[in-house]
Each structure stands twice: as C-alpha cells, then as structure tokens.
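Visitor: I'd like to learn how to read the helices and sheets in a model. Can you walk me through one?

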Amino acid sequence: MEQNTQTDTIAVLDFGSQYSHLIVRRIRELCVHAELLRPDTSADRLAGFAGVVLSGGPQNLSESTALKADPKLYTLGIPVLGVCYGLQLIAHQLGGKVTAGNKREYGPVRVELSGKSELFKGLNTTALTSQKHHHPASEDGGTPPQLRRGEEGKKREELTWMSHGDQVTKIPKGFSVTGKSDACPIVAIENVEQKIYGIQFHPEVKHTEHGTKVLQNFLTIVGAKKTWNLGKNWIEAQVEDIKTKVGSGRAICALSGGVDSTVAAYLVHRAIGKQLTCIYVDTGMMRLGETEQIKKTFSKLPKLDFRVVDTEKEFLKALRGVTEPEKKRKVIGELFIRLFEKESKKLKGVNFLVQGTLYTDVITSGVSVGGKASVIKSHHNVGGLPKDLKFKLIEPLRDLYKDEVRLIGKELGVPEAIVNRQPFPGPGLAVRIIGEVTKAKLDTLRLADAIFREELITSGEAKGIAQYFAVLPDIRSVGVQGDARTYGHPIILRAVTTMDFMTADWARISTDTLAKVSARITNEVAGINRVAYDITSKPPATVEWE
C-alpha cells in the first residue's frame, strides 16, 4: 500500500449505518484511499481531505441526541456527498426540512434521476414521457423546480437500494432536486456551486444497479488521486504489524475451518511461524460430516500446528434452557474463550488470541467508529467476548469483507477448497435452531441441512448462491402422513445471493429443486412435516435467523 496523505483521501463520517465502512470499501475498490472518521470530526481537520461523505444512520433528526456534522464543513469548499441520513442531515443543517415519510422504502426501489447531474453521468438513459413531473415541496415550501433534464430530454431510471422512513420534504436554498421515486419526491439534491450532493439511496451496496458509477462520479468531481490497492503490500504491512505486536510471545488461533479464521491463521503464521498454535473446538454444532472433513483437511497442512478439542458436552450443558438469541451468542462466545484459556495453559507464554473477525461481524455487533450503530446480533467473537478477557486480540481481517478475505487467502496460498468454502457462523447450528438447543434438534437440523445442500449441488444451482442452509424454528404444525395426523416441526430453507453479506437478496432456486428438497426432507427427516422457503432480502432481514 502506498503512503497516502489526507489530500489524497476521502473522509467518510460514520453516523452509525450498517454500511458506513462499506462506503470506505467501495471507494478503495476504485483505488482511492478512504478513511472512516467520527461524525463529530471538526471542520478544521476535514479541511485537509479531498472530499467528505456523510454516511447513513439509524437516527431521527427530530431527536435531540441525533448526530450532526460540524456545520462549518459546508463552507470548506471541498466536495460533500450525503448518503441516506447524510442527505437528510445536509437538508436539515442548511435550512431544509426532514419529516417522517408517509411510506417507508426498504429494499429495491426504482428511482428517476436527472439526466444532467454530474453525479449521475454515464448511467442508463430512457426517453422522458410527455407528462410533466411535479414535486410537492421546494425551497419556499411551494412546488419545487421540475426534475432537471438532459439536453436531449432524457431522464435516468435506476434500480437502487433504500433503507429509510424519514425523507426530505423541503430543500435548502440554492439546491436543486435531481431525483425522485414514487414514494419519495426528493431522492437526490445538489448545489453544484458549493459541490454539495445528497442521495437517499445507498450507492455502496451491490443491489444499487450502478451505485459504483455514482461513487466514481463523485470521485471525479473531487478530483481524487488513485493511490490505494489491496494485495501484497497490504499483507506485508500486516505481517510487520503482527511481528511487532507479538514480539517473542506466543499466540493461539481460534480456527473454525472456515475461510476467515484460516486466512487469519496463514497471515499470522507468516509473521510469527512456530509461535502460533491453531485450535479447532468441536462444539457438536457443526454440519453433517464437517468436523471429520476439517480434521482431514488441516492435518495435511504442514504449515500449521493444528489441534482438535472435543467439547460437545460442555456446549450443550451451557446452552441448556437458553432461548434468547443474544444470550445464546454470548454464552457461546464466553465458553469459547474459557476453553481457549484452558488449552493455552498447556502451552507456555501464550499472550495472544487470533480471530478471523470481519467487518460484518463488528458492525452487526453494534461496534462502529461513531459509536451509534445498532446492535443487530452480537457476533460470538465480538459482542460475545467476556469482560475479563485475558488474551490480547489479533484480528488482522477486522476491516475487511468476505470477498476481500478470499482474495487475501489466494495471495497467501490458502487451499482453494477453503478459500471458496461457504460461510458458517461460529456458533454453528445453535443459531439456526430457534429456541433451546438440544442434541435431538441438532441431529434433525443436521440431516435436513445436508439434504438441502446435496440437492442444490446436484442440480448445479449451488454455484450461483453465496450461502444456503436450513433453519429449525420453535413451532409445530398439523400435517398428514400415511393417512394419519401428524403434529411436527417445519424446516425453513434460506439461500441468498450477495457479494459482501452487508446486503443480500434471496436466491431464485428453481421450483423443481425446491420440490425435490421438500419431498426428501419430509420423507427422510423424522418429525418434519412441512418445508418453507424464506424469500426476504437483507434488509429488512439478516442472512441468519438468529
């Protein structure tokens, strides 16, 4: 990674959005350096940056505690882009108005964008209809100026990703409306003279069709230099940092067998070699045949000191009577640490614990630069860590996303089968069982999950799906099998397409495959008499059920 000065860098102010860091990541993908900062960063500091992006956030501007940017930011003369809450904040701080919308927009929304705005340059264009488009609010509270059109009477209609309830209903003086949707008459605004832009949709998520192009256009407006790259230089910088941190000490790695922990292990091993020991904890909550496969795979890797610990009884005992998802995750997280502490005593001088924590794990646990991110679910190795943790953590992947980790893994020489392994949560099947976790439920879910996975692979449809699994809910339903009444459990199938797991869409599996999976599960898995398929995107849902 080349050395970056602030004048080459985009500052992203974190107002608590689940996607704040994703904005940073998208900008870096465009080879421009970006840095995530607190929302209250002073204008004096921001003046040294090339441009500023105001992220989304879960707050409401009517609340007295709502986060605000330094108002002097808008007088610096550097380009500013507000995204979602950032748009609303610009309007609010510069004299516009933000109110609760009559209709909320979550998920895919088609919007009409100006054909002349530099922010939307190069997007798809379609001919304007002869019907005039008017908006109910403007600078003076009356009808705002018509959506600006291109020189040839063109408009741009784009499929975007929304996640908002509030909306701008009055734009500040000097601004123009450059976008609208059916439910939101002011989707985009701009003040070209002051280089201030705002959009209600999220360009950083992959489900916004040309979101990357919008960000690229903003960087063109900024005149940003391309100085960033993720690869060998990043690895070398991390290796040197780990060497310095560990020194002559020892570390153990919480190795689950997945891509994240394995890449973390390879990276740390490159830095400290034999000072690292990798420990796989068999919780008894893994998928069918998975522990056996992990043992077989890692025993063949001479680079790693790999050890296996059987702890099924300990986990089942700790989870007895636990039904609340957050408590379940924290119980699992703490037990993991206690077991690693126990194993570390068998080695001498262990001071560090290596974890394959990703940015998605951090942000869903409510940890953010701005300190205002909502807790969606506590990841076991973030929100589930005990307060009296005796280890110092090494988490080299903490600012990366799943696909970035795969790229780093390939660069490090991690076996292809592991690099492309499907994500599996640290708590395992425990968070795919709604309610109390028991041995019987684990066995039931294990078999149903295996059938689903087998049929997707056999049909060839697994290749286009990022993650797929079965869920066992804590409900029962009436059925009929063998001309007799049954009162069994349903199985819920979940499959999603995504690039980074920050947003996701449900996978369009063929009805033939779904029918075959349903027939097999209800015939082969005792106690299951119904199969359902989850067709909810993220947001509003998460990928996992707990």
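Guide: Sure, let's begin with a definition: axes are lines fitted to C-alpha atoms, for helices over the stretch in contact, and angles run from 0 to 180 degrees between N-to-C directions. Keep in mind that this is a predicted model. Here, helix α5 and helix α11 (residues 402-412) pack with their axes 10 Å apart, at an angle of about 80°.

Visitor: How are α5 and α11 oriented to each other?

Guide: Angles of 65 to 115 degrees count as roughly perpendicular, so α5 and α11 are roughly perpendicular to each other.

Visitor: Which residues meet there?

Guide: From α5 you have Lys-232, Trp-234 and Ile-235, and they meet Ile-408, Glu-411 and Leu-412 in α11. Sort the residues of this contact and you get four nonpolar, two charged and no polar.

Visitor: Now the sheet. What holds strands side by side?

Guide: Strands of a sheet pair through backbone hydrogen bonds, either parallel or antiparallel. In this case, five strands form an open sheet with parallel pairing, in the order β13-β12-β11-β14-β15. The edges are β13 (306-310) and β15 (392-394); each has a single partner strand, so one side of each lacks a neighbour in the sheet. On average, neighbouring strands are turned by 30° against each other, ignoring direction.

Visitor: How many bridges join β14 and β15?

Guide: Three, in the parallel sense, with β14 covering residues 350-354. Phe-352 stands opposite Lys-392 in β15.

Visitor: And which strands does α5 lie across?

Guide: Helix α5 (residues 232-246) lies across β11 (250-254), β14 and β15, and runs at about 165° to β15. Helix α6 (residues 259-272) packs on the sheet too, touching β11, β12 (276-282), β14 and β15.

Notes
Residues numbered from 1 in each chain as written. Predicted model: local features only at pLDDT ≥ 70, side-chain atom pairs only at ≥ 80, totals over all residues. Heavy atoms only, no water. Pairing = 2+ DSSP bridges. Helix = DSSP H or I, 4+ residues; strand = E, 2+ residues; numbered from the N terminus. Contact = heavy atoms within 4.5 Å. Parallel < 35°, antiparallel > 145°, perpendicular 65-115°, else oblique. Nonpolar A, V, L, I, M, F, W, Y, C, P; charged D, E, K, R; others polar.
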